[in-house]
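Me: I have a structure open and would like to learn how to read it. Could you walk me through it, one feature at a time?

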Amino acid sequence: MKHPAPHIVTAFEDAMKRLKAGIVQMAGAAETQLDGALTCLTQRNPEQARAIIESDARLDSYEHEIEANCMRMLVLRQPVADDLREVIAALKIAGNLERVGDHAANTARRAVAVAEFPESPAMSTLPNLGRLVRQRLTTAVDAYVDGDVELALRVWRTDDEVDALYTSLCESINQSAARLPEMFTAHMHLLFIAKSLERIGDHATNIAEVVHFVHTGRPLLDERPKADRSRGDV
């Protein structure tokens, strides 16, 4: 005796659960990669840095799998309204997480170069920015998992905290470079690392914006809070 096919709504819900689980798994991998990159900065461990760089391919694989699942759902299920927003959100969040991985790998790569130089006082300030963006990334992902719009708005509204710390950090690095011209190359690497970390903060804010749109159907039209006054973006 043939059993009837599962109801289309149930099938879509199951597919959506799998898709969401994939996002959570990818987010965990991105957070692990960021943690590793930050450890490279403080421990000056080239071997660990190389492992972080090599693991970036795993995030690319996650993104491709999520993209394929989203395309399959769009073609086979043809979702509309809330369901369509959920699928599009997964695509956007996966893209942002993949970029987080890229910036983490870039941080680790430059940490290898910085490790060849004597330690500069400016190096000690980078972990503060790293911890802040790591916290924001985790909060944004939590907002997605829990469907918490208020939590997402909290991430979005405090974007200027990252920008303010980034600007202050760039000024500190520039001042240190002026005092230690023989370490110009090291300080250039530090500026690139600071920019990568600041961009990770932006991707966390992007994820928060996506969460808000999924659950309200409305984009955040207000200008994103910014406090970056640096003219030395790299």
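Reply: Happily! Let's begin with burial: a residue counts as buried when its relative accessible area is under 20%, and as exposed when it is over 50%. Keep in mind that this is a predicted model. Leu 197 is a clear case, because its relative accessible area is 0%, so it is buried.

Me: Where does Leu 197 lie, and what is it in contact with?

Reply: Leu 197 belongs to helix α8. Contact here means heavy atoms within 4.5 Å. Once its neighbours within four places in sequence are set aside, Leu 197 is in contact with Leu 34, Leu 38, Thr 107, Leu 126, Leu 129, Gly 130 and Val 133. For a pair separated in space, take Leu 197 and Ala 89: they are 108 residues apart along the chain, and their C-alpha atoms are separated by 23 Å.

Me: Let me step back to the whole protein. How many helices and strands does the protein have?

Reply: There are eight helices and zero strands. Following the sequence, you read α-α-α-α-α-α-α-α. Along the principal axes, the C-alpha atoms fill a box of roughly 80 × 40 × 20 Å. Of the 234 residues in the protein, 47% are buried.

Me: What share of the contacts comes from residues 24 or more positions apart?

Reply: Taking the contacts with a separation of 6 or more, residues 24 or more positions apart account for 84%.

Me: How do I read a nonpolar core, and how many residues has the largest one?

Reply: The idea is to take buried residues of nonpolar kinds and join them through side-chain atoms within 4.5 Å. In this model the largest such core has 66 residues, and those with the most contacts inside it are Ile 23, Leu 97, Leu 126, Leu 129, Leu 137, Leu 190 and Leu 197. The elements giving two or more residues to this core are α1, α2, α3, α4, α5, α6, α7 and α8. Helix α1 supplies the largest share, with 14 residues.

Me: Which residues is Leu 137 in contact with, apart from its sequence neighbours?

Reply: Beyond the neighbours within four places in sequence, Leu 137 is in contact with Glu 31, Leu 34, Leu 97, Val 100, Ala 204 and Ile 207.

Me: Back to burial, then. Are Ala 15 and Asp 60 buried or partly exposed?

Reply: Compare each value with the cut-off. Ala 15 has 11% relative accessibility, so it counts as buried. Asp 60 has 24%, and therefore counts as partly exposed. Ala 15 lies in helix α1, residues 8-43, while Asp 60 is in helix α3. Ala 15 is also a good lesson in sequence versus space: Cys 70 is 55 residues away from it in sequence, and 9.4 Å away from C-alpha to C-alpha. For Asp 60 and Val 112, which are 52 residues apart along the chain, the C-alpha separation is 22 Å.

Me: As a bench person I always look for histidines. Where are His 103 and His 189?

Reply: His 103 is in helix α4, and His 189 is in helix α8, residues 184-216. His 103 is buried because its relative accessibility is 8%, and His 189 is buried too, at 17%. Leaving out neighbours within four places in sequence, His 103 is in contact with Ser 196, Arg 199, Ile 200 and His 203. By the same kind of reading, the partners of His 189 are Arg 110, Ala 113 and Val 114.

Me: And the cysteines: how many disulfides are there?

Reply: The check asks whether two cysteine sulfur atoms lie within 2.5 Å. The count here is zero disulfides. Cys 40 is buried, with a relative accessible area of 2%, and Cys 170 is buried as well, at 3%.

Me: Which charged ends sit over rings?

Reply: Lys 20 has its charged end over the ring of Tyr 144, 5.3 Å from the ring's centre. The charged end of Arg 85 sits over the ring of Phe 213, 5.9 Å from its centre. For aromatic pairs, the count is zero.

Me: One helix to finish: what do the buried residues of α6 pack against?

Reply: They pack against α5, α7 and α8. The buried residues of α6 are Val 149, Leu 151, Ala 152, Leu 153, Val 155 and Trp 156. At the start of α6, a side-chain oxygen of Asp 148 comes within 3.2 Å of the backbone nitrogen of Glu 150.

Note on methods: Residues are numbered from 1 along each chain as its sequence is written. This is a predicted model: local features need pLDDT of at least 70, side-chain atom pairs count only at pLDDT 80 or more; totals for chains, interfaces and linings use all residues. Side-chain values use heavy atoms; hydrogens and water are left out. Helices (H or I, at least four residues) and strands (E, at least two) are DSSP runs, numbered from the N terminus. Buried means under 20% relative accessible area, exposed over 50%, partly exposed in between (1.4 Å probe, protein chains only). Rings of Phe, Tyr and Trp (its six-membered ring) pair if their centres lie within 6.5 Å; planes under 30 degrees apart count as stacked, over 60 as edge-to-face and the rest as tilted. A charge sits over a ring if NZ of Lys or CZ of Arg is within 6 Å of the ring centre and within 35 degrees of the ring normal. A polar contact is a pair of N or O atoms within 3.5 Å; within protein, one must be able to donate a hydrogen and the other to accept it, and residues adjacent in sequence count only if both atoms are side-chain atoms.
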